[in-house]
Amino acid sequence: MSHDHSIDPKSMPKDPSKATTEGKHKFMGLWIFLGGETVLFACLFGTYLALRNSNAGGPTTQELYGLGLVFLMTVLLLTSSLTSVYAIYHMKNNDFKKMQLWMGITALLGIGFLACEIYEFAHYIHGYGFTFRSSAFGSSFYALVGFHGGHVAFGLSWIITLMVRNAKRGLDLYNAPKFNTFALYWHFIDVVWVFIFTVVYLMGMVS
Amino acid sequence: MTDEMSTRKINSFQKQKNKQEMQRMVVSFALMIIFTLIAFALVMLEVPSTYVIPIILLLAFVQVGFQFFYFMHLKDKGHEVPSQIIYGGVFITVMVALTFTVITWW
């Protein structure tokens with residue numbers, strides 16, 4: 001670092017995550033990445049929509065899905081989206097401890113979501129013998145929902161690493177963009193989940 | 001200097017602004033939860049699929065709009081390029097989903 005990135009509380013920038021050129025670039029880079037992610041998930045959604053009834057004599061979507069667990073997962077992930085908004089709110093007020101606290105809550109909710117998803121997959125595999133190789137429906141289901149779960153797992157390792165790495169540094173203009181890009185990524189995970197619970201689970205229960 | 005001291009020194013106008021924005025975020029979160037509840041309720045009440053599928057898809061789009069425009073700040077200034085990127089992505093998503101559905105089922 002050639003510049004001093006410490007924050008002067010008296011001239012706190014309006015948005016510390018975009019106060020440096022590097023921060024602005026990280027912000028734009030993350031959005032370009034999210035544009036690519038949208039297209040990637042579009043393909044997985046398209047594949048799932050095309051193959052969701054090709055169950056090769058295995059369980060159908062109505063027999064398989066349970067809305068209770070899906071609702072719990074939705075609430076967990078939606079709430080974790082709000083807690084990361086709280087974290088960024090405290091970042092803008094230069095309150096590092098509260099930001100860490102809310103990021104920690106976000107991570108815990110994310111872990112809860114992932115635990116539910118692992119339970120769900122284990123239930124499908126052991127209770128119904130429904131695996132990635134069962135049918136075209138199985139492949140497209142695990143590819144879509146599993147890829148989203150993989151994104152959650154990646155996001156969790158991202159935020160935990162950030163929190164541990166910066167625990168003693170405190171907030172500065174060098175790490176503020178890193179926390180902000182994580183928050184944007186985490187909201188995007190929630191966006192994808194909104195479509196998964198609608199297109200996969202809810203539409204799977206009605207059709 | 002402790003964190004609390006530095007927090008207190010931030011421009012109070014800016015703090016007030018941040019607070020107002022946070023309140024809007026909480027309202028959008030409440031709306032998203034309500035939309036989720038409506039979508040689940042419609043499916044559980046076994047409303048005919050001709051009606052329920054367009055409604056839950058619409059609810060999903062509105063909810064995603066809240067995520068993008070409020071939680072991810074796309075409505076704010078300086079988000080013109082990210083908006084274009086996401087509009088492009090959403091356009092491709094709709095096209096791909098429609099293409100795959102139409103090819104397979106009609």
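How many salt bridges are counted between chain B and chain A? The count is one, and we'll get to it on this tour. Keep in mind that you are looking at a predicted model.

**Stop 1: the interface**

Colour chain A and chain B separately, then select the residues in contact. You should pick up 54 residues from chain B and 52 residues from chain A. Put together, the two chains bury about 4700 Å², and 79% of that comes from carbon and sulfur atoms. Now show Met22(B), Phe40(B) and Met72(B) as sticks: within chain B, these lose the most area to chain A, and together they make up 14% of what the chain B side buries.

**Stop 2: the salt bridge**

Next, select Lys92(A) and Glu21(B). Their side chains form a salt bridge, with 3.7 Å from N to O. That is the one salt bridge counted between chain B and chain A.

**Stop 3: the second largest pocket**

Stay with that pair, as Lys92(A) and Glu21(B) are also among the residues nearest the centre of the second largest pocket. Add Lys14(A), His73(B) and Asp76(B) to complete that central set. The whole lining has 25 residues, and the pocket's volume is about 630 Å³.

What is the lining made of: how many nonpolar, polar and charged residues? Colour by type and you'll find eight nonpolar, seven polar and ten charged.

For the elements, select helix H3 (67-92) and H6 of chain A, plus helix H2 (12-44) of chain B; each supplies at least two lining residues. H2(B) gives the most, with seven. Then colour chain B by domain: domain 1 (1-73) and domain 2 (76-106) both contribute to this lining, so the pocket lies between them.

**Stop 4: the largest pocket**

Now move to the largest pocket, which holds about 910 Å³ of space. It has 33 lining residues, and the ones to centre your view on are Leu49(A), Val199(A), Leu57(B), Phe61(B) and Ala97(B), the closest to its centre.

Show four helices as cartoon here: H1 (21-51) and H6 (176-206) from chain A, with H3 (49-71) and H4 (80-105) from chain B, each giving two or more residues to the lining. Which helix gives the most? That's H4(B), with ten residues.

Colour by type again: this lining divides into 25 nonpolar, seven polar and one charged. Finally, bring back the domain colours on chain B, where domain 1 (1-73) and domain 2 (76-106) each provide at least three residues of this lining.

How values were computed
Residues are numbered from 1 along each chain as its sequence is written. Chains are lettered from A and ligands numbered from 1 in the order in which they are written. This is a predicted model: local features need pLDDT of at least 70, side-chain atom pairs count only at pLDDT 80 or more; totals for chains, interfaces and linings use all residues. Side-chain values use heavy atoms; hydrogens and water are left out. On a 1 Å grid over the protein atoms alone, a cavity is a set of points where a 1.4 Å probe fits but cannot get out, and a pocket is an open set with protein on both sides within 12 Å along at least five of seven lines; lining residues have an atom within 4 Å of a point. Grid points are joined across faces, edges and corners, and a volume is the space filled by probe spheres set on the points. Ala, Val, Leu, Ile, Met, Phe, Trp, Tyr, Cys and Pro count as nonpolar, Asp, Glu, Lys and Arg as charged, and the others, Gly among them, as polar. Domain bounds come from an automatic or database domain assignment. Contact means heavy atoms within 4.5 Å. Buried area is the accessible area (1.4 Å probe) that two parts lose on being put together, summed over both. A salt bridge is a side-chain nitrogen of Lys or Arg within 4 Å of a carboxyl oxygen of Asp or Glu.
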